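I opened this notebook page to record what I looked up on charged side chains and overall architecture. The entries follow in the order in which I made them.

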Amino acid sequence: MTNYSRSELKRLAREALLGNYTVLILALLTASAVPTMLLTPFSIGLTAEFNFAMVTYLLAAILVKVLCGLFSVGVERMQLLLAQEQQISYMDLFWAVRNKPDRFLMAALLLVAVLCILAVPAAAGVVWLVNTGETAGYWISAAVLLLFFLLELYILYFFDLVYLYFIEQEEITVIQGVRAVIALLRGNEKRLFALQLGFLGWQMLGVLSFGIGMLWIQPYITQTTVNFYLDLTGGLERV
């Protein structure tokens, strides 16, 4: 294993993206537009009250997130191909739909379950602290939310690596894939954490641009993550 530095991983990402942004942006726009269109019927008549319409919308949102996660896998595979100096096309976006999608769907369900398990106690704790009316409660709530955000970010990056592992190892099961990525990350957890923190500034810029900047920033983040994965598996040495 080479252990490329963060700057080297980012440099390789920029080189791989040169001349390929157009197709990746089209893929990202598609991956973003489809969930919005599917959820629009469920948002009709939706209010802030917790009622049947809200429950229906939340369940639909989870289902749509899981199903459309296949598009995210397609984008990751496109960028894996770029890292391996191969050609990509827009139709690669639908690769996961045609290639044993059950594993990716199960992994996406596992991801949603893990995030929900973490979010429920975090949200309950924040509500309780705010209801105390104490100034300290607000500061503790902010700390809890920040901790949850960082933990969520790490989990999302972890599952990105799981998806990449599934793409390369088509016969592996979900549990085997998760265990394999845990083994790959052993001793590299800090590297992954530092890598994701290094993109927070870019993500803030993307938000400030009303999300438009993310069309360029997200491929850069994903390409660097792909390079990190290949560095763990020794794939960068073969490129």
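I looked up lysine 100 first and found it partly exposed, at 36% relative accessibility; the class lies between buried (under 20% relative accessible area) and exposed (over 50%), with a 1.4 Å probe and protein chains only. Its partner, glutamate 171, is exposed, with a relative accessible area of 65%. I note that the side chains of lysine 100 and glutamate 171 form a salt bridge, at 2.7 Å from N to O. The term denotes a side-chain nitrogen of Lys or Arg within 4 Å of a carboxyl oxygen of Asp or Glu. This pair links distant parts of the chain, 71 residues apart: lysine 100 sits in the loop between α4 (95-98) and α5 (101-131), and glutamate 171 in the loop between α6 (135-168) and α7 (174-185).

I recorded the basis of these values. The model is predicted, so local features need pLDDT of at least 70 and side-chain atom pairs count only at pLDDT 80 or more, whereas totals for chains, interfaces and linings use all residues. Residues are numbered from 1 along each chain as its sequence is written, and side-chain values use heavy atoms, with hydrogens and water left out.

I then turned to aspartate 231, whose side chain meets that of arginine 191 in a salt bridge of 2.9 Å, N to O. Aspartate 231 belongs to helix α10 (residues 214-233) and arginine 191 to helix α8 (residues 189-197), so the pair ties together parts 40 residues apart in sequence. Aspartate 231 is buried, at 1% relative accessibility, while arginine 191 is partly exposed, at 21%.

I next examined arginine 11, which forms a salt bridge with glutamate 15; their closest N and O atoms are 3.0 Å apart. Both residues lie in helix α1 (residues 6-17), and because they are four residues apart, about one helical turn separates them. Arginine 11 is partly exposed at 35% relative accessibility, and glutamate 15 is partly exposed at 45%.

How many salt bridges does the structure hold? I found four.

For the overall architecture, I entered 11 helices and zero strands; these are DSSP runs, helices being H or I of at least four residues and strands E of at least two, numbered from the N terminus. Of the 239 residues, 42% count as buried. I also noted that, among contacts (heavy atoms within 4.5 Å) between residues at least 6 apart in sequence, 73% join residues at least 24 apart.
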